[in-house]
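Subject: Structure handover and findings

Dear colleague,

Please find below the structure that I am handing over to you. My notes on what was found in it follow directly after.

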Amino acid sequence: MSDIGRPAPGGLDTLQFDTFATGVPSRAPRWRAIARSPVALVGLALIFSWVIVAACAPLLAPYSPTAQHVTAIDMMPSMHHWLGADSLKRDLLSRIIWGARPVLTLAPLALIAAYLVGISLGLTAGYYGGWIDDVISRTGDVLLSFPKIVMYVVLISTVGPSQANIVAAVVLVAAPGIARLTRGLTLDLKTNDYIAAAQTRGESAIFIMAAEILPNARGMLIVDACMRMGYTIIAIGVLGFLGLGLPPPDPDWGGMVREGTPMLIVFPHMALLPCLAIVTLVLGFNLLADGLQDLQSRA
Amino acid sequence: MIAPVLNIADLDVRYTVDGPDVVAVAGLSLTLQRGETYGLVGESGSGKSSVAMAIMRHLGRHGRIAAGSLHFNGIDLAAISQRDLRGLRGSRIAMIYQDPATALNPTKRIGVQLIEVLTHHDGASPGAARRRVLDSLRDVRLADPETILRRYPYQLSGGQQQRVVISMAFLARPELLLLDEPTSALDVTVEREIVDLLVEMQRAHGTTALFISHNLALVRRVCGRVGVMYGGQIVEEAPAQTLFSDPRHPYTRGLLACLPRLNGNKHVQRLHAIGGQVARLSATPCACTFLPRCERARTGLCDTANPDLGPVASGSAHLVRCVRPDDSPTVDTDPLAPALAPPPPHGAVNQPVLRVDSLTKRFDLPDGRKIVANHNLSCALLAGETLAVVGESGSGKSTLGRILIGLEVATAGKVMLGDMDVGRLETRHRSGDQIRAVQMIFQNPDSTLNPAWTVGAMLKRALARLGDFGSRNQCALEMRKLLALVRLPAEVANMLPSQLSGGQKQRVAIARAFAGRPSIVIADEPISALDTSVKTAIIELLLAMQEAYHTALLFISHDLGIVRYIADRVIVMHAGEIVEIGSADAVFAPPYHPYTETLLAAMPVTDPTIVQRRIELRGEAPSLLLQSSGCGFASRCPRKLAGDVCDDVAPPLRPAATGHAIRCHIPLADLRTVPPVFMPAAGASGAPTEGRQPAAP
């Protein structure tokens, strides 16, 4: 018999490192981890389908979205026009395919802008506290107390519908909510000892906010962004429906619903099919948000 | 033979989340006779709490009883319906958890909650229930029970809450009491009282109790029989006295050797850490569970099968799970790690690196009230020494540390770092050299490291900020050196904190603090969240780092055992004031400040060769909101002088010897006549030398 597995009897030299817990997921879900959530996968599939449709619109659309077809006599779906045509006898399928483009460029663009503003304000308010927090939070409260749709309508009808104005309106409507969420996360995260450790290294406030706090808020913010994508797509649709969307004749899902509504009884497909497009895209983002949230609470 | 109250046979508890089952308890058998107190000790992950949860059938969605039987007074706990189980819980089986706040409903008054227990379980009338509740609150020695009844839980202190929980548990007169770390969230003085109270209540009611704890000393005080758990199994079981005087399993011996002895310190003998980490089981072991950490393991013997739990001698009540339990003498100390050089004669060489002068910190609350967390503190930190700051929570010891490093600023007084006063400077307003000079190690290993950063990245950042390393390559090189210095393998650099154990995280935190070779490191309870065997390794690492860099260590702790071991000098704080300051030898021996004396008397002790004097301490630490003009300790002091002098006049800080001072009205001559708290037990060999040497004048 001989001695085995014998750690040296020194107080410090006896440490072995054979028992690391490996494969423990960190709190922010890795993209690969999405495979473990069927809900998130379905959401992602819906979103990706629309992204591909938007990207390949010239290849996929059978006709120009603005061309009028006298052949579409009864405007109902047919061999030539699979989804039928609208009241101006334009091919509905082509218009829905081309209509994915403005919504899938405008919504992310507007949200990125809103997040830049909201995260900066929220981090600042949460980290510094005091009067800075009061000013930012109270201003946000005022903006949040307006009904969102009223805000959109008032803003766009004042400055006129254009891509830039829609982005600006989304920032103004969404940023206070994002700032409030970020502020709450910051208040929580800044009590961690690693923030105190950074302070005792003499790190700047900007470094602590951007490098120590923000990465740990990332998971929650990504989930929130997915939810907000849904809201924003709906808002853009509503603006189109109210005639405050992108100017015609370019296809816009909200605008298509508006044009189809007067003939809803006779030709229901004209309004319902663009609605379905909005629903599937929004559903995709909501499912993705649900799945990501679920993954985070599991981790 | 009377039927046992609780009989557990071959219990297996498993958890299934993702992937293979996690075995928490493997083949555990346990019998509790009526009126017995059984202690289950082990480190985190040993499965001790899972045993209690299995008895209560509270294993949750992922856990299950995979095998074995649990019988409570003949009732099969594993088989009975949820409805019958509800009838048992709270009435015949009661449980007291670590955090009293979770056991009480925060939205209901204490009285309503307690009376409900009786009206629900016993069908008592509200009037009769109320009378019994008042009696039971008196039993747990809560002053003014009528007022307590009208309070909400948040209006009570942690100690008061735990007393209410205990009275609640005993109200229904349970036959079995499960105690899961019932005092771990409390201060040491409160812990002592609560534990004594529990023992008294349990004797009075003849209740059988299962006491689960990581604290060996506490178990020794409370329990008749003790089982030591490791890796989901009991590795040793014996009557408490036998276990502590004659431990046989290498793990039990290791745990006891990890604890500092009262008659030694780092200059006398080094502590002996158990190597490796607590085992995690995932399958039936085919070798001894403790094998990877065992220093006495033999091939062909220990690696072939997991040994059975068997008696040390035939018919003995002392059971051990080891194939060679008695073939080597008790390992107490580490023969290879030499004791540190004796301390230099006082004040001979070491210059102060930091001087605190009349420091006061006041927090102004929004409602106009004021909290005085530090009141007129003066002390110095000498180069390379370890200065311990001890006191209960709320004594202001952490605030002192936070002011020194610049996380808080002083209201009045000076903190001299070199020849500059930094007391009013937040860290970011300090110069690079001043920031580099003072670094800090925090308490909670789970919050000390940023979960989004890899270990390597955070150490490189600390080196870049605090060290003099020009290039990235140099930083990376230095980072690897630093990891080696704190005994972590190089691959840790690419890991995230979530992949490390508590002890490993604290090692990284130590590496980060020492990155810029600071002259002062403030350690705020650096080991209180760690397991016993890990604590020792971290303490030894701190000592090694301190020696290597000749760093002064301000060691903030409530653990007097560790303080005795590590500290050169000790500051005792109470209610924001320094009540005693002196060398460790002087503070741990008479003359004591009465508060120091009560702290020492409440200190949990495992050493069977020592007898500890018991002191009654009434009340809890006073609120820092109320600053009396007299002594802050007067309301609780067991040696309070007759007359009003203690209440009305601030006591003077009197020098008792060179470098030793006591803030008390009691004349020093009287304090010197106080007998030591620790005395050698009658007939014990190797009488302790500690505790009887007054500081050399």
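In chain A, residues 24 or more positions apart account for 71% of the contacts with a separation of 6 or more. Please note that this is a predicted model. The secondary structure of chain A consists of 10 helices and 0 strands, so that reading from the N terminus gives the order α-α-α-α-α-α-α-α-α-α. Of the 299 residues in chain A, 47% are buried. The accessible surface of this chain comes to about 14400 Å², and carbon and sulfur atoms hold 70% of that surface.

One residue of chain A deserves a separate word. Q296(A) belongs to helix 10, which covers residues 269-298 of chain A. Its relative accessible area is 14%, and Q296(A) is therefore buried. The side chain of Q296(A) reaches the backbone oxygen of G219(A), at a distance of 2.8 Å.

A glutamine of chain B makes a comparable subject for inspection. Q439(B) sits in strand 18 (residues 438-441) of chain B. With a relative accessible area of 4%, Q439(B) is buried. The partner of its side chain lies in chain A: the backbone oxygen of T200(A) is reached at 3.0 Å. Leaving aside neighbours within four places in sequence, Q439(B) is in contact with T200(A) and R201(A) in chain A. On the chain B side, the contacts of Q439(B) are I405(B), L466(B), A513(B), P518(B), I520(B), V521(B) and I522(B).

I turn now to the aromatic residues. The count of aromatic pairs comes to 9 over all chains. The rings of Y127(A) and Y128(A) make an edge-to-face pair, because their planes stand at 80 degrees, with the centres 5.5 Å apart. Y127(A) is buried, at a relative accessible area of 13%, whereas Y128(A) is partly exposed, at 42%. The rings of F207(A) and W453(B) also form an edge-to-face pair, since their planes are at 70 degrees, and here the centres are 6.0 Å apart. This pair crosses between chains. F207(A) is in helix 8 (residues 205-241) of chain A, while W453(B) is in the loop of chain B between helix 14 (445-448) and helix 15 (455-466). Both F207(A) and W453(B) are buried. In chain B, one aromatic cluster is formed by Y230(B), Y251(B) and F290(B).

Two charged side chains of chain B lie over aromatic rings. K361(B) is placed over the face of F363(B), at 4.8 Å from the ring centre. R564(B) lies over the face of F588(B), at 5.2 Å from the ring centre.

As to the cysteines, which disulfides does a search of the whole structure find? The search finds 0 disulfides over all chains. A disulfide is a covalent bond between the sulfur atoms of two cysteines. For C637(B), the closest cysteine sulfur is that of C664(B), and the distance of 6.2 Å is too far for a bond, because a disulfide requires the two sulfur atoms to be within 2.5 Å. C637(B) counts as buried, at 17% relative accessibility. C223(B) is buried as well, with a relative accessible area of 7%.

Two helices of chain B complete these notes. Helix 1 of chain B (residues 48-56) is mostly covered, with 8 of its 9 residues buried. The buried residues of this helix are K48(B), S50(B), V51(B), A52(B), M53(B), A54(B), I55(B) and M56(B). Just after helix 1 of chain B comes R57(B), which takes a positive phi of about 55 degrees. Helix 8 of chain B (residues 188-205) contains E193(B). E193(B) is buried, with a relative accessible area of 14%. Along the chain, E193(B) and A9(B) are 184 residues apart, and their C-alpha atoms are separated by 34 Å.

Yours sincerely

Definitions and conventions. Residues are numbered from 1 along each chain as its sequence is written. Chains are lettered from A and ligands numbered from 1 in the order in which they are written. Side-chain values use heavy atoms; hydrogens and water are left out. Buried means under 20% relative accessible area, exposed over 50%, partly exposed in between (1.4 Å probe, protein chains only). Helices (H or I, at least four residues) and strands (E, at least two) are DSSP runs, numbered from the N terminus. A polar contact is a pair of N or O atoms within 3.5 Å; within protein, one must be able to donate a hydrogen and the other to accept it, and residues adjacent in sequence count only if both atoms are side-chain atoms. Rings of Phe, Tyr and Trp (its six-membered ring) pair if their centres lie within 6.5 Å; planes under 30 degrees apart count as stacked, over 60 as edge-to-face and the rest as tilted. A charge sits over a ring if NZ of Lys or CZ of Arg is within 6 Å of the ring centre and within 35 degrees of the ring normal. Contact means heavy atoms within 4.5 Å. Accessible areas come from the Shrake-Rupley method with a 1.4 Å probe; for residues, only the protein chains shown count as cover.
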